[in-house]
Amino acid sequence: MELNLPLRIAGVGRYLPSRIVPNKELEARCALPEGWIERRNGVRERRWVDGESASFMAAEASREALGDAGMRPDELDLIINASATGEQSLPEMGSLIQRQLGLGASGIPAMTVQTACLSFITALEAAAHYLLSGRFGRILVASSDIASCGLDFDQPESATLMGDAAAAVVLVRPGEGEPSRICSASFRTWGDGAYLTAIMGGGSARHPRLPGHDPKDDLFHMDGPAVLRMVRRYDAAFLEGLRPGLSTGLGDIDLVVPHQASGVGLQLLRRFGWPDESIVETIAELGNCVSASIPATLYQAVRDGRARRGDRLLLVGTGAGLSIGGLVLVY
């Protein structure tokens, strides 16, 4: 859908835990043959926390983004937490990020936008509408996920895929004559796939206090092959709805920043005629970092000089729901 919403990414930031977990460690833990993880998932190593909290990681990434934008934390008008998993059930993590930034007495509004792995994309579009209306002028969006605490090592395909990370952006309205904007966006959900990727516990349906609670319900579950089959059923039509022609080529898009769902998931993008050099990948070094995956990959593209001012970027991915989301923006 064509939008043309003014939005400028004024600063980017990222936080990666210092602990690097190589495949060798997980292959030993899961009794897998050497090389299985990289062949299956495209991951060589990933970062896992060593005592960090999700709000701490988000705040660290946010400080870098604020510094990149030349802005102080107390100059923010709004903080959006765009993470798939919360640090705790209540309060929502936006308030915890605010507190970690030293803004706990500021009154700056904080909120959460949660659409699983697509939370960052959804938050960008929501922020753009806030900027357009004039409701807020300086918005922080932070995504931070710690997947390592809830992995089921009886399901090695998903357990060896996931990494921990945080990334953040500072958003403002573009200046006079600046082309920065969201050109188009789309978000679609097919609830028939809701249980293909899930953490069943933690809510009212399977609360730990209910009789017969199974601790396995608190761990991450994903039926990867079923997810891929469902995505393949809908993704070409979704891309055409986002921007006509995307299912057969990139057209005027300079760079694709996809969710790093898996090695196989990234390979699927090639069938649309998108050249390898236009697709940014961080799966080998970071794994799938859930909601932080897209902004952490965007950060890499900016820092490497692959995403330059005026470039047209496609941010796209899939998430639990099952949902597919994407937007085209001028960076």
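Which residue in β13 is the bridge partner of Val257? Select Val257 and follow the pairing into β13, where the bridge partner is Leu315. Keep in mind throughout that this is a predicted model.

**The whole chain**

Begin with a cartoon of the entire chain, in which there are ten helices and 14 strands. The C-alpha trace spans about 60 × 50 × 35 Å along its principal axes, and the radius of gyration of the chain is 19 Å, which agrees with the value near 20 Å that a compact globule of 331 residues would have. Of these 331 residues, 55% count as buried, while the chain exposes about 13900 Å², of which carbon and sulfur atoms supply 50%. If you display contacts between residues at least 6 apart in sequence, 76% of them join residues at least 24 apart.

**The five-stranded sheet**

Next, select β1, β9, β14, β13 and β12, which in that order form an open sheet of five strands with mixed pairing. At its edges stand β1 (2-6) and β12 (255-258), each of which has a single partner strand, so that one side of each is left without a neighbour in the sheet. Looking along the sheet, you will find neighbouring strands turned against each other by 25° on average, with direction ignored.

Now restrict the selection to β13 (residues 312-319) and β14 (residues 323-330), which pair in the antiparallel sense over eight bridges. Two opposing pairs serve as landmarks here: Gly317 stands opposite Gly325 in β14, and Leu313 stands opposite Leu329 in β14. The two strands form a hairpin with three residues between them, and in the turn Gly321 has a positive phi of about 155°. Turning to the other neighbour of β13, you will see β12 and β13 run parallel, joined by four bridges, among whose partners are Val257 and Leu315, the pair with which the tour opened.

Stay with β13 and show its side chains. In a regular strand the side chains alternate between the two faces of the sheet. One side of β13 carries Arg312, Leu314, Val316 and Thr318, the other Leu313, Leu315, Gly317 and Gly319, and both faces are covered, since the residues on either side are all buried. Eight of the eight residues of β13 are therefore buried, and the strand is largely enclosed by the rest of the structure.

**Helices on the sheet**

With the sheet still displayed, add helix α5 (residues 119-133), which packs on the sheet and touches β1, β9 (181-189), β13 and β14, its direction making about 65° with that of β1. Then add helix α7 (residues 224-242), which lies across β9, β13 and β14 and runs at about 30° to β14.

Within helix α7, select Asp235. Is this residue buried or exposed? Asp235 counts as buried because its relative accessibility is 7%, under the 20% cut-off for that class. Its side chain makes a polar contact, at 2.7 Å, with the side chain of Arg271. Leaving aside residues up to four places away in sequence, Asp235 touches Arg271, Phe272 and Ile324, the last of which you can find within the β14 range of residues 323-330.

**Helix α4 and its surroundings**

Move now to helix α4 (residues 93-100), whose buried residues are Met93, Gly94, Leu96, Ile97 and Gln98. To see what covers them, display the elements that include α3 (54-69), β5 (78-81), β6 (110-112) and β7. At the start of α4, zoom in on Glu92, a side-chain oxygen of which reaches to within 2.7 Å of the backbone nitrogen of Gly94. Just after α4, select Gly102, which takes a positive phi of about 80°.

**Ala142 in strand β7**

Finish in strand β7 (residues 138-145), where Ala142 has its place. Ala142 is buried, with a relative accessible area of 0%. Which residues does Ala142 touch, not counting those up to four places away in sequence? They are Ala58, Ser62, Ile80, Asn81, Ala82, Ser83, Ile97, Ala167 and Ala168; Ile97 will be familiar as one of the buried residues of α4. To close, draw a distance between the C-alpha atoms of Ala142 and Ala82, which lie 60 residues apart along the chain and are separated by 5.7 Å.

How values were computed: Residues are numbered from 1 along each chain as its sequence is written. This is a predicted model: local features need pLDDT of at least 70, side-chain atom pairs count only at pLDDT 80 or more; totals for chains, interfaces and linings use all residues. Side-chain values use heavy atoms; hydrogens and water are left out. Buried means under 20% relative accessible area, exposed over 50%, partly exposed in between (1.4 Å probe, protein chains only). Contact means heavy atoms within 4.5 Å. Two strands pair if DSSP finds at least two bridges between them. Axes are lines fitted to C-alpha atoms, for helices over the stretch in contact, and angles run from 0 to 180 degrees between N-to-C directions. The radius of gyration is taken over C-alpha atoms; the globule rule is 2.2 Å times the number of residues to the power 0.38. Accessible areas come from the Shrake-Rupley method with a 1.4 Å probe; for residues, only the protein chains shown count as cover. A polar contact is a pair of N or O atoms within 3.5 Å; within protein, one must be able to donate a hydrogen and the other to accept it, and residues adjacent in sequence count only if both atoms are side-chain atoms.
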